[in-house]
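Colleague: Please take one part of this model, the surroundings of the bound ligand, and examine it closely. I should then like to see how the rest of the protein is arranged, in one connected account.

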Amino acid sequence: MERLRHTDIKYLKGVGPQRGELLAKELGIRTCADLLRHYPSHYVDRSTTYRIADFSGDMPMVQVRGRFISFTIQGEGAKRRLTGLFSDGTRAMEIVWFRKIQQIQKAYQTSVEYVVFGKPTLFGSRWSMAHPEIDVAGAPTASDGLRGVYPLTEKLRAKGFTSKTFHTLITSLLSGLAANVSDPLPRSVTAPLRLMSLQEALAAIHSPSDRDRLQKARLRLKFEELYYLQLNILRYTRQRQAAIGGFRFARIGDYFNRFYKECMPFELTGAQKRVIREIRADMGSGKQMNRLLQGDVGSGKTLVALLCMLIAVDNNTQACLMAPTEILATQHYATIRSMVSQIGVNVRLLTGSTPAREREEIHRQLLDGSLHILIGTHAVIEDAVRFRNLGFVVIDEQHRFGVAQRARLWKKNTTPPHVLVMTATPIPRTLAMTVYGDLDVSVIDELPPGRKPVHTELRYDERRFEVYQGIGRRLKEGRQVYIVYPLISESEKTDLKSLEEGYQLICDTFPHYKVAYVHGRMKPSEKDYQMQLFASHKADILVATTVIEVGVNVPNATTMVIENAERFGLSQLHQLRGRVGRGADQSYCILMTKMKLAKETRKRLEVMTSTTDGFLVAEADLKMRGPGDLEGTLQSGMAIDLRIANLATDGQIVQMARDAASRTLDTDPNLSSYEFAGVRKEMALLFDHAIDWSRIS
Ligand code: ADP
Ligand code: MG
């Protein structure tokens with residue numbers, strides 16, 4: 001591989017300086033090694049030879065074996081075309097060329113047997129193929145397995161490059177190679193997983209004899225990419241963990257025990273227990289914990305966080321919970337305070353709207369250590385907020401916080417606090433491992449007992465009246481209702497207008513009920529007041545924008561209507577839907593849309609009506625949109641251009657690669673042995689070698 005990496009593509013037979021330059025410019029193929037790593041995007045089946053007599057209906061690309069009977073030129077000027085009558089003994093078809101007529105007429109003879117490959121179309125009663133690929137039957141390029149179709153650009157096409165050009169170049173390059181292309185992966189990595197060697201995989205990815213070989217080749221090549229990626233991530237994680245010591249929370253004390261005995265509102269679910277065990281093990285290890293807690297909406301993350309905060313308090317440190325919105329912080333404060341007040345834990349709330357006098361008192365209590373748990377918004381990361389001994393930080397709904405903000409919190413102590421980041425945005429675990437490379441992941445994969453799946457329906461605007469009738473019935477039963485409007489950008493005037501009109505319509509339709517109203521542009525105090533109206537059931541209906549998306553908990557609200565549902569992303573819809581179905585009663589989510597929807601939009605929304613499982617929704621979302629955004633959050637220095645692996649769909653291989661990388665680092669943490677020399681070299685090429693591993697923090 002090393003030699004190929006240094007061989008300029010222009011020296012390859014059949015390329016030359018001009019085409020070499022074009023390949024470099026259009027596809028970044030500069031060396032022979034690059035060419036070998038230019039994989040087909042898909043394959044066409046050349047293992048079957050069709051009979052012309054059997055053609056029928058809409059035909060795929062097929063190959064036929066036979067002879068030309070005659071050639072004729074028809075038409076004038078631009079309409080000139082060459083037609084060859086071609087027979088395979090069962091029937092004849094026409095093969096038509098509109099370009100390079102003279103060249104072609106010279107190239108093919110009537111006495112020779114050819115294999116032609118193209119898409120047949122029926123004209124009148126005669127089948128016809130335009131500009132097919134043609135090989136002399138039995139020639140080495142006339143592959144009889146699967147034939148790769150290579151990604152091309154317009155420019156390359158215009159200059160006469162075809163899939164076959166690539167096929168020919170690569171076949172000749174591969175056949176000229178010495179018996180073994182050196183494999184960067186040692187056998188100790190590939191053998192237990194029964195992976196192909198690099199040489200075998202390259203040969204098979206370009207000219208697979210069958211689907212099975214192709215599958216194995218793809219596995220090997222995907223694995224290799226993901227293995228380097230995981231090595232990079234794990235190496236970073238391990239060095240950081242080794243470098244930073246953390247608090248050792250050795251004991252569980254009175255606060256935790258008393259809470260568990262006297263105040264627990266319900267039995268923990270199995271998943272909650274498991275996750276608490278995982279967190280405890282981390283906190284007791286002496287290393288700083290950095291853990292992502294994923295749990296679907298309503299899975300009970302808050303209670304887990306609270307129990308962990310109590311462990312921190314038991315170990316003579318303070319805890320801090322940061323939420324993305326004032327509404328959410330206030331709600332956490334109310335819930336947590338009511339749960340722990342009887343065991344003497346001091347909890348305070350700090351937000352942007354905390355009055356100065358109270359703020360000063362909080363600052364003082366934080367410094368003298370009498371404040372155990374601080375709950376708040378971004379306000380808690382301000383420099384003025386200093387702790388006596390901050391041991392544990394919880395960040396709720398982490399997608400709203402950047403890495404930099406997280407870092408500000410754990411820099412508040414000389415010993416960095418343990419950090420638990422909680423999110424309901426369900427990312428398939430394997431992807432999370434990659435995206436949040438430096439975080440360990442815990443998953444609550446079980447909802448508290450007795451929850452009924454939210455019944456979800458699509459409704460057209462035309463049937464609004466029926467929807468309102470349904471709402472009326474729920475209200476009569478004493479239930480509450482959310483009505484959500486899209487407000488993609490809080491500054492968009494038209495959105496605000498539709499929200500206001502919606503509010504008016506609801507007030508007019510349900511004159512006997514009280515309607516609350518929140519959006520992101522209200523003053524926090526006003527927002528809070530409106531939310532409180534709804535939370536305390538002084539209001540029956542809440543007309544809102546997505547400010548209620550995260551975390552709001554009103555179990556008596558059992559119906560949610562989402563207006564213009566087509567404007568929301570799947571994950572967002574799922575988050576919104578999570579606001580209902582929080583009690584034991586059957587809940588409903590109605591997605592309102594206009595009648596005419598694009599096919600993909602309908603498919604997207606149908607995911608919502610078919611499942612309530614957040615991980616399935618996330619997976620569907622990922623498959624439809626690709627991991628785009630998520631890859632964007634890969635921390636710098638972690639990113640890698642994946643040529644063949646796909647984080648969204650190759651979860652199992654990611655896991656395989658993760659395990660293998662972990663084993664590798666167990667045996668050779670610095671990749672310094674001879675065995676891993678090849679891996680080290682690939683890593684240096686892939687990732688910026690300027691990175692000094694020991695200095696990343
Ligand atoms: P989320 O994970 O979305 O933040 P919450 O922590 O807000 O979920 O919990 C959702 C609801 O479930 C709350 O009303 C909470 O009191 C309740 N809950 C949490 N754990 C349990 C449990 N083990 N059994 C029953 N209800 C629970
Ligand atoms: Mg929550």
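Modeller: A polar contact, as the term is used here, is a pair of N or O atoms within 3.5 Å. The structure is a predicted model, and the distances below should be read as belonging to that model.

Within that cut-off, the side chain of Thr 302 places a polar atom 2.6 Å from an oxygen atom of ligand 1. Asn 553 also reaches a ligand oxygen with a polar side-chain atom, at 3.0 Å. For Arg 582, an N or O atom of the side chain is 3.3 Å from an oxygen atom of ligand 1. Taken alone, the ligand would expose 570 Å², and the protein buries 85% of that area.

The shell around ligand 1 holds 16 residues, and those that come nearest are Glu 267, Gly 298, Lys 301, Thr 302 and Arg 451. Thr 302 therefore appears both in this nearest group and in a polar contact with a ligand oxygen, since its 2.6 Å separation falls within the 3.5 Å limit. By character, the shell divides into 4 nonpolar, 7 polar and 5 charged residues.

Sequence positions between Asn 553 and Arg 582, two of the residues with polar atoms close to ligand oxygens, include helix H20, which spans residues 570–577. Of the 8 residues in this helix, 6 are buried: Leu 570, Leu 573, His 574, Gln 575, Leu 576 and Arg 577. In an α-helix, residues three or four places apart point the same way, because there are 3.6 residues a turn. The buried set of H20 includes Leu 570, Leu 573 and Leu 576, as well as the polar or charged residues His 574, Gln 575 and Arg 577.

After H20 the chain enters a loop that leads to strand S22 (588–593), and Ser 587 is found in that loop. Ser 587 counts as buried because its relative accessibility is 1%, under the 20% limit. A polar atom of the Ser 587 side chain lies 3.0 Å from the backbone nitrogen of Gly 581. Beyond its sequence neighbours up to four places away, Ser 587 touches Pro 453, Val 454, His 455, Ala 557, Thr 558, Val 580 and Gly 581.

The nonpolar interior forms a further part of the picture. In soluble globular proteins, nonpolar side chains tend to be buried together. The largest nonpolar core here has 51 residues, of which Ile 471, Tyr 482, Ile 483, Leu 542, Val 543, Ile 548 and Ile 562 touch the most other members. A second, separate core of 45 residues includes Met 264, Ile 276, Val 345 and Ile 375. Val 543, from the largest core, is in contact with Ile 483, Tyr 485, Leu 499, Tyr 503, Ile 506, Val 515, Ala 516, Tyr 517 and Val 518, leaving aside neighbours within four places in sequence.

Loop residues elsewhere show how stretches of chain meet. Gly 245 sits in the loop between helix H9 (211–243) and helix H10 (254–263), and is partly exposed at a relative accessible area of 43%. Its C-alpha atom is 5.6 Å from that of Gln 288, although 43 residues separate the two in sequence. Gly 245 touches Gly 286, Gln 288, Thr 415 and Pro 416, not counting residues up to four places away. Gln 288 itself belongs to the loop between helix H11 (270–283) and strand S10 (290–295). Gln 288 is buried, with a relative accessible area of 6%, and a polar atom of its side chain lies 3.1 Å from the backbone oxygen of Pro 417.

Asp 383, in the loop between strand S13 (373–376) and strand S14 (390–396), is exposed at 63%. Apart from residues up to four places away in sequence, Asp 383 touches Arg 408 and Lys 412.

For the protein as a whole, the secondary structure comes to 25 helices and 22 strands. Of its 697 residues, 52% are buried. Among contacts between residues at least 6 apart in sequence, 74% join residues at least 24 apart. The protein exposes about 32400 Å², with carbon and sulfur atoms supplying 50% of that area.

Definitions and conventions: Residues are numbered from 1 along each chain as its sequence is written. Chains are lettered from A and ligands numbered from 1 in the order in which they are written. This is a predicted model: local features need pLDDT of at least 70, side-chain atom pairs count only at pLDDT 80 or more; totals for chains, interfaces and linings use all residues. Side-chain values use heavy atoms; hydrogens and water are left out. A nonpolar core is a set of buried Ala, Val, Leu, Ile, Met, Phe, Trp, Tyr and Cys residues joined through side-chain atoms within 4.5 Å. Buried means under 20% relative accessible area, exposed over 50%, partly exposed in between (1.4 Å probe, protein chains only). Contact means heavy atoms within 4.5 Å. A residue is near a molecule or strand if one of its heavy atoms lies within 4 Å of it. A polar contact is a pair of N or O atoms within 3.5 Å; within protein, one must be able to donate a hydrogen and the other to accept it, and residues adjacent in sequence count only if both atoms are side-chain atoms. Accessible areas come from the Shrake-Rupley method with a 1.4 Å probe; for residues, only the protein chains shown count as cover. Helices (H or I, at least four residues) and strands (E, at least two) are DSSP runs, numbered from the N terminus.
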